[in-house]
Amino acid sequence: MGEATIYHPCLILAKGERSDTIRSVRLDRRQLRFLIRFAVLLTVLFLVIFLEPVDRNVIAPFTRGLTRVSAVLLNVLGEEVTAHGTLIQGRGFAVDIKGGCNGVEAMLLLCAAIAAFDAPWRARLMGLLAGSAALMAFNLVRIVSLYMIGERWRRLFDTFHLAVWQTIMFAVAASIFAFWSGRFASKHVAARS
Amino acid sequence: MWLRVLRFIAALIAAAIVWYNLTPFYDRFLAAAASPLIRIDRRFRDTRVFAADRIISVRAKEKRSDLPPADIPADQLTYNVILLAALFASNRKPVSDRNVVAFLTSTAIVVVLHVVAVLLSVESTYAVRMNEWSSAHYGTVARYFWLYAEIFYRLVGMFAVVFVCWWMGSATMKRT
């Protein structure tokens with residue numbers, strides 16, 4: 001209790017009080033604990049989604065569902081596509097939604113960060129549910145927009161697929177975490193300390 | 001709030017353009033920096049590591065060597081700098097000394113990570129994608145280790161490191 005306010009330097013990053021620059025990268029114990037928990041949780045969650053039963057019973061059906069919803073949205077927008085498994089096929093273009101494109105990795109990062117943060121379990125649960133839902137919504141926008149970009153401007157597809165949307169997805173995950181930890185979780189930490 | 005979103009979008013576009021245009025030069029630096037690391041593994045002691053056309057290549061120095069050639073798309077290892085720049089640009093005081101120092105420190109960490117990522121990709125490529133050569137030179141555990149290490153880096157690790165750097169920078173800025 002109350003240790004969050006104590007200023008413990010991270011020995012790797014800061015030795016002594018030599019300058020403002022060095023002081024600025026100090027971590028207190030709570031932050032260090034968060035980083036360790038985050039790294040462990042992220043690694044564990046990553047390994048879990050690669051387990052064959054998890055992939056077969058959770059990830060694969062989830063990705064197929066995402067494909068179907070994306071196809072419905074594309075048809076609403078007048079694209080005339082069909083969904084087969086994880087493939088969205090149109091008149092002259094098709095996208096296959098694979099691991100890395102289903103938004104699960106950004107969700108893992110968000111879930112690991114929220115679960116690792118020192119906050120009440122109810123706030124964590126709310127953050128996990130709302131954050132994951134927001135990321136899924138963004139991922140639908142990503143898939144729909146990537147299909148439309150690929151169909152119209154094929155040369156831009158790779159750039160948007162790799163550099164732009166992947167960056168946006170993880171930035172959204174980071175922003176959701178920053179918003180959640182600032183609005184909800186920090187009240188708890190302040191109350192404790 | 002909206003100003004921060006706008007700064008994020010502007011930085012994303014600017015960083016993507018800078019990254020795309022500087023990548024060919026940066027790849028050469030990465031190849032040169034990763035080369036001594038790669039050669040620590042005795043399987044690659046007599047190799048040349050070089051970059052051309054956004055690809056980092058590994059070739060045997062001797063023509064008689066049985067080492068197969070490997071080509072690694074370098075773009076897929078380094079584009080997390082776009083996220084790094086965009087996140088730091090979206091901070092409250094983006095041009096404050098602390099934010100700039102935190103950004104530069106984070107960039108240095110990410111550059112070191114890129115060198116390690118080249119090593120991971122080379123090991124993973126040779127461990128699992130060279131058919132008979134792979135099974136002759138790597139054990140089962142080693143093959144899985146390098147494969148999962150590479151996948152972890154590409155799918156979440158490269159972004160997680162950027163997220164941690166940004167979070168640490170933001171946390172220390174809020175506190176001071």
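Angles between elements are taken from 0 to 180 degrees between N-to-C directions, along axes fitted to C-alpha atoms. With that in hand, α4(B) can be placed in this predicted model: the helix lies across β2 and β3 of chain B and runs at about 135° to β3(B). A second helix, α1(B), lies across β1 and β2 of chain B, at about 165° to β1(B).

The sheet beneath this description deserves a closer look. In chain B, three strands form an open sheet in the order β1-β2-β3, with antiparallel pairing. The strands β1 and β3 of chain B stand at the edges with a single partner strand each, so one side of each has no neighbour in the sheet. From one strand to the next, the twist averages 20°. Strands β1 (residues 47-52) and β2 (residues 55-60) of chain B are joined by six bridges. Along this pair, Arg48(B) stands opposite Arg59(B), and Val49(B) stands opposite Val58(B). The hairpin that links the two strands has two residues between them, and Asp53(B) takes a positive phi near 50° there. On to the next pair: β2(B) and β3(B), the latter covering residues 70-73, are held in the antiparallel sense over four bridges. Val58(B) appears here as well, with Ala70(B) in β3(B) as its bridge partner.

Helix packing in chain B is well illustrated by α1(B) and α3(B). Their axes lie 8 Å apart and the helices pack at an angle of about 150°. The two are therefore roughly antiparallel to each other, and their crossing is right-handed. From α1(B), the residues Arg7(B), Phe8(B), Ala11(B), Leu12(B), Ala15(B), Ala16(B) and Trp19(B) take part, meeting Val81(B), Ile82(B), Ala85(B), Ala86(B) and Ala89(B) of α3(B). By residue type, this contact divides into 11 nonpolar, no polar and one charged.

Chain A also carries a sheet. This one is open, with three strands in the order β1-β2-β3 and antiparallel pairing. Its edge strands are β1 (82-84) and β3 (94-96) of chain A, each of which pairs on one side only. Neighbouring strands are turned by 15° against each other on average, direction ignored. Three bridges connect β1(A) to β2(A), which spans residues 87-89, and the pairing is antiparallel. Within this pair, His84(A) stands opposite Leu87(A).

The two chains also touch each other. In this interface, 27 residues of chain B are in contact with 21 residues of chain A. On the chain B side, the elements that give two or more residues are α1 (2-40), α2 (75-78), α3 (80-89), α4 (97-128) and α6 (140-175). Of these, α6(B) gives the most, with 12 residues. The chain B side is made up of 20 nonpolar, five polar and two charged residues.

A word on confidence completes the picture. Chain A has a mean pLDDT of 83, and 81% of its residues reach 70 or more. Residues 1-22 of chain A, however, have a pLDDT below 50, and this stretch has 27 contacts in the model beyond near neighbours in sequence. Where pLDDT is low, the predicted coordinates should not be read in detail.

Notes
Residues numbered from 1 in each chain as written. Chains lettered and ligands numbered in written order. Predicted model: local features only at pLDDT ≥ 70, side-chain atom pairs only at ≥ 80, totals over all residues. Contact = placed C-beta atoms within 7 Å. Nonpolar A, V, L, I, M, F, W, Y, C, P; charged D, E, K, R; others polar. Pairing = 2+ DSSP bridges. pLDDT = per-residue confidence, 0-100. Parallel < 35°, antiparallel > 145°, perpendicular 65-115°, else oblique. Left-handed = near helix turned anticlockwise from the far one by under 90°.
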